[in-house]
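The exercises below lead a newcomer through one protein chain, and each task is followed by a solution that goes step by step. Please keep the sequence and the structure in view while working.

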Amino acid sequence: DVRTEPKYSRQSINLALSTRGRAALAAVGLEDEIVKGGIPMHSRSVHAPDGEQYTIKYGTAGQAILAIDRRHLNERLLDAAEKWPGVRLYFKHKLASADVERAAATFTTPSGEFSIQGDILFGCDGAHSAVRREIMRRTRMDYRQDYLEHAYKELRIPPGAGGEFQLRENYLHIWPRHSFMMIALPNLDRSFTVTLFMPWETFESITAKEQLLVFSQKYFPDSNPLTGEAAHA
């Protein structure tokens, strides 16, 4: 239950909420509550390697996507879900096996095994799905799993000394660098959540702090002073 976990206890890429997402939230009566916790981003701010910037608008005047804290969204969705009659939430329950024909499932929990049966079974248990494994045992189904070539690392640009944003706040900042890129989304506390996407091999080739500082200065010279050496430790 993310609502009981310490803040920032997990990596989480910020969410950019567009019209489609807002429509889904409106359908369940949560649009206004989520939107008031977001920051409008009217344009992309693209940072070139030489430090120059140019902007690309997301739409016409007044149109924007919203920078949303993913944890806040998840917490409000859980709050709303548990208010519905017939909805019961279970946490720390790991799916051990499933009987897709009987719509039954068995979970391992801190207190032992727990089994349940219903009318319909939805398999939403991730990449190493136990539900999919059970379906494959009972029918002729092909399955292929491919791993992404890229990983990501979360960084942070804190507020300035006077509590101000250190980048323009109503923009989604992007540093495109061919096979890798970095993005920064604004937060209500006037910080930015920064996410660096790179191939695994590139991450693994950087083995010392000095290498990281040289790499950062070469590819992200304008953001390097903002994240600070603490981010490179």
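**Exercise 1. Find which residues have the most contacts inside the largest nonpolar core, and which strands supply this core.**

Step 1. The largest nonpolar core of this predicted model has 23 residues, and those with the most contacts inside it are Leu167, Leu172, Phe192, Val194 and Phe220.

Step 2. At least two residues of this core come from each of the strands β2 (39-41), β5 (65-68), β9 (150-157), β10 (171-177), β11 (180-186) and β12 (192-199). Of the elements that contribute, β11 gives the most, with five residues.

Step 3. Apart from this core lies another one, of seven residues, which include Leu30, Ile34, Leu66 and Leu73.

Step 4. As background, nonpolar side chains in soluble globular proteins tend to be buried together.

**Exercise 2. List what Leu167 touches, leaving out residues up to four places away in sequence.**

Solution. With those neighbours set aside, Leu167 touches His47, Ile157, His173, Trp175, Ala184, Phe192 and Leu226. One of these partners, Phe192, is also named with Leu167 among the residues that have the most contacts inside the largest core.

**Exercise 3. Describe the largest pocket by its volume, by the residues closest to its centre and by the classes of its lining.**

Step 1. The volume of the largest pocket is about 970 Å³.

Step 2. The pocket is lined by 25 residues, and the closest to its centre are Arg88, Tyr90, Phe107, Leu121 and Phe122.

Step 3. Helix α3 (70-82) and the strands β7 (104-109) and β8 (112-117) each supply at least two residues of the lining, and β8 gives the most, with three residues.

Step 4. Sorted by class, the lining has 17 nonpolar, five polar and three charged residues.

**Exercise 4. Give the number of helices and strands, and then describe the extent, burial, contacts and surface of the whole chain.**

Step 1. The protein chain has seven helices and 12 strands, and its C-alpha atoms fill a box of roughly 60 × 45 × 35 Å, taken along the principal axes.

Step 2. Of its 233 residues, 30% count as buried.

Step 3. When contacts between residues at least 6 apart in sequence are considered, 57% of them join residues at least 24 apart.

Step 4. The chain exposes about 15300 Å², and carbon and sulfur atoms supply 54% of this area.

**Exercise 5. Ala103 and Arg190 both have a positive phi; decide for each whether it counts as buried or partly exposed.**

Step 1. The phi of Ala103 is near 55°, a positive value in a residue other than glycine, and Ala103 is placed in the loop between β6 (94-99) and β7.

Step 2. Ala103 counts as buried because its relative accessibility is 8%, and the cut-off for buried is under 20%.

Step 3. Arg190, which is not a glycine either, has a positive phi of about 70° and is found in the loop between β11 and β12.

Step 4. Arg190 counts as partly exposed because its relative accessibility is 42%, and this class lies between the cut-offs of 20% and 50%.

Step 5. Leaving aside neighbours within four places in sequence, Arg190 is in contact with Pro158, Pro159, Gly163, Glu164 and Phe165. Arg190 and Ala151 are 39 residues apart in sequence, and 26 Å separate them in space, C-alpha to C-alpha.

**Exercise 6. Where do Met141, Pro221 and Arg71 lie, and which class of exposure does each belong to?**

Step 1. Met141 is placed in the loop between α4 (130-138) and β9, and it is partly exposed, with a relative accessible area of 31%. Not counting residues up to four places away in sequence, Met141 touches Arg132, Ile135 and Met136.

Step 2. Pro221 lies in the loop between α6 (209-219) and α7 (224-227) and is partly exposed, with a relative accessible area of 23%. Not counting residues up to four places away in sequence, Pro221 touches Pro49 and Ser216.

Step 3. Arg71 has its place in helix α3 and counts as buried, at 17% relative accessibility. The C-alpha atoms of Arg71 and Ala81, 10 residues apart along the chain, are separated by 15 Å.

Key. Residues are numbered from 1 along each chain as its sequence is written. This is a predicted model: local features need pLDDT of at least 70, side-chain atom pairs count only at pLDDT 80 or more; totals for chains, interfaces and linings use all residues. Side-chain values use heavy atoms; hydrogens and water are left out. A nonpolar core is a set of buried Ala, Val, Leu, Ile, Met, Phe, Trp, Tyr and Cys residues joined through side-chain atoms within 4.5 Å. Buried means under 20% relative accessible area, exposed over 50%, partly exposed in between (1.4 Å probe, protein chains only). Helices (H or I, at least four residues) and strands (E, at least two) are DSSP runs, numbered from the N terminus. Contact means heavy atoms within 4.5 Å. On a 1 Å grid over the protein atoms alone, a cavity is a set of points where a 1.4 Å probe fits but cannot get out, and a pocket is an open set with protein on both sides within 12 Å along at least five of seven lines; lining residues have an atom within 4 Å of a point. Grid points are joined across faces, edges and corners, and a volume is the space filled by probe spheres set on the points. Ala, Val, Leu, Ile, Met, Phe, Trp, Tyr, Cys and Pro count as nonpolar, Asp, Glu, Lys and Arg as charged, and the others, Gly among them, as polar. Accessible areas come from the Shrake-Rupley method with a 1.4 Å probe; for residues, only the protein chains shown count as cover.
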